[in-house]
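Me: Please take a close look at the nonpolar core and explain which residues form it. I should also like to have it placed in the setting of the chains around it.

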Amino acid sequence: MDWLPCMGMVRPMTRPACSFLAVILALVPAVVPSCADDRSDFNPRRLMRPVRAIVDAPFLAASAVTDEVNDNELVMGVVVGDQARAYPVNMLTGPRREIINDTVAKAPIAATW
Amino acid sequence: MMDTESKSLWSHLLGLGMEGKHKGVRLKTLPSDMLTWSAWKSEFPDTTVLNMSRTNRNYTDEFYKTPERFVVGFLGGHGMYHVSFATLRKTSVMNLDARGVAVVATFDSDSTSARLFKRKLADRVLTFESVGKQQFKDKQTGSTWDRSGKAVDGEMKGQTLVPHVGIISFRKAWMTFHPRSKELTLD
């Protein structure tokens, strides 16, 4: 696809008490299944100014990691094709993070928190 | 979240366009893991990892001290389903039937990792039981499978189970987004 998501400036009115929603999305639209929950109550309001989309995040090979990530830290992991990618959750929190636009094995994906 | 190109608004948990040009469009959610760095790099030694400054230090293997607060949710037949981490901690393998969608949930308490796989392989639906901490066995063929979903011994050796998308979430958050989600238990 020729578009990428960026950090949102709008939150749902009924914002859930959750910073813990880890999802990895392939940036390819699909047909909405019939089971999709009713979102008729969607009523957003602006809480903050837009934040620059993260599109150029740096990555390290596992063999090069020293103290950048500790063994007991939680990561979100995904495998695309023959490539594995990890996103330490401790780097994803906060309104200026939360979405990493990425490309893994030529597939455009977004890791969201 | 919002895409820069069309300014459409999206729900990041649902992957669903909520407002704007892409309203009603759903992104494909990929199977993913949530586990310790140690466990991930052990399974995928060639992995790469995001290298940004930390914004938090709380997300470690200590995070699931209260497992009843967490669920793994997924799309089954006729809607969404979820299993509590408190239930998963009681068994390392759980065979689930979500109204026609047969799934197996595996849980490793050491790495705090929950994974879902489709139980249907070719035309056969398999039923799994645990064999030690890191392996499980299907009752139909007696084949042994590892945590990555690969058959390592028996008739099915070399075959791989297909991952089923599961989303690990706070129970409260999951129920906010999926109020009609059905909880699956061991009973």
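Reply:
**The core and its setting**

Of the contacts in chain B between residues at least 6 apart in sequence, 43% join residues at least 24 apart. The model from which this comes is a predicted one. For chain A, the corresponding share of contacts joining residues at least 24 apart, again among residues at least 6 apart in sequence, is 63%.

The two chains may be described before the core itself. Chain A holds 0 helices and 9 strands, and its elements therefore read β-β-β-β-β-β-β-β-β from the N terminus on, helices and strands being the elements numbered from that end. Chain A has 113 residues, of which 50% are buried. Its accessible surface is about 5300 Å², and carbon and sulfur atoms account for 51% of that area.

Chain B contains 3 helices and 19 strands. Its radius of gyration is 18 Å, close to the 16 Å expected from the globule rule for 187 residues, so chain B is as compact as a globular protein of that length. The C-alpha trace of chain B extends over about 55 × 40 × 30 Å along its principal axes. Buried residues make up 53% of the 187 residues of chain B. The exposed surface of chain B is about 8600 Å², with 47% supplied by carbon and sulfur atoms. As for charge, chain B carries 28 positive and 20 negative side chains, and the centres of these two sets are 5 Å apart.

**Which residues touch the most other members of the core?**

The largest nonpolar core has 53 residues, and those touching the most other members are A:Tyr87, A:Ile100, B:Trp37, B:Phe74, B:Phe85 and B:Leu88. Residues of chain A and of chain B thus both appear in that list. The element that gives the most to this core is strand β6 of chain A (residues 74–80), with 5 residues. Another core lies apart from it and has 17 residues, including B:Leu13, B:Leu14, B:Met18 and B:Val25.

A:Tyr87 deserves separate mention. This residue belongs to strand β7 of chain A (residues 83–88). Its relative accessible area is 0%, and because buried means under 20%, A:Tyr87 counts as buried. A:Tyr87 stands 10 residues from A:Gly77 in sequence, and the two C-alpha atoms are 6.4 Å apart in space.

A:Ile100 shows how the core brings the chains together. With neighbours within four places in sequence left aside, A:Ile100 is in contact with A:Ile54, A:Ala57, A:Tyr87, A:Leu92, A:Ile109, A:Ala110 and A:Ala111 of chain A, and with B:Leu50 and B:Met52 of chain B. One of these partners, A:Tyr87, is also among the residues that touch the most other core members.

**Residues in the loops**

The loops offer a further view of burial and exposure. A:Arg97 lies in the loop between β7 and β8 (99–104) of chain A. A relative accessible area of 11% falls under 20%, so A:Arg97 is buried although it is in a loop. A:Arg97 and A:Glu68 are 29 residues apart in sequence, and 17 Å separates them C-alpha to C-alpha.

In chain B, two loop residues have a positive phi although neither is glycine. The phi of B:Lys7 is near 65°, and B:Lys7 is located in the loop between β1 (2–3) and β2 (9–11). B:Lys7 has a relative accessible area of 51%, and because exposed means over 50%, this residue is classed as exposed. The phi of B:Arg99 is near 50°; B:Arg99 lies in the loop between β9 (93–98) and β10 (101–108). B:Arg99 is likewise exposed, with a relative accessible area of 56%.

B:Lys150 falls between these classes. This residue lies in the loop between β16 (144–146) and β17 (151–153) of chain B. Its relative accessible area of 41% is neither under 20% nor over 50%, so B:Lys150 is partly exposed. Not counting residues up to four places away in sequence, B:Lys150 touches B:Thr144, B:Trp145, B:Gln159 and B:Thr160. B:Leu96 is 54 residues from B:Lys150 in sequence and 19 Å from it, C-alpha to C-alpha.

Methods. Residues are numbered from 1 along each chain as its sequence is written. Chains are lettered from A and ligands numbered from 1 in the order in which they are written. This is a predicted model: local features need pLDDT of at least 70, side-chain atom pairs count only at pLDDT 80 or more; totals for chains, interfaces and linings use all residues. Side-chain values use heavy atoms; hydrogens and water are left out. Helices (H or I, at least four residues) and strands (E, at least two) are DSSP runs, numbered from the N terminus. The radius of gyration is taken over C-alpha atoms; the globule rule is 2.2 Å times the number of residues to the power 0.38. Buried means under 20% relative accessible area, exposed over 50%, partly exposed in between (1.4 Å probe, protein chains only). Contact means heavy atoms within 4.5 Å. Accessible areas come from the Shrake-Rupley method with a 1.4 Å probe; for residues, only the protein chains shown count as cover. Lys and Arg count as positive and Asp and Glu as negative; His and the chain ends are not counted. The place of a charge is taken as NZ of Lys, CZ of Arg, CG of Asp or CD of Glu. A nonpolar core is a set of buried Ala, Val, Leu, Ile, Met, Phe, Trp, Tyr and Cys residues joined through side-chain atoms within 4.5 Å.
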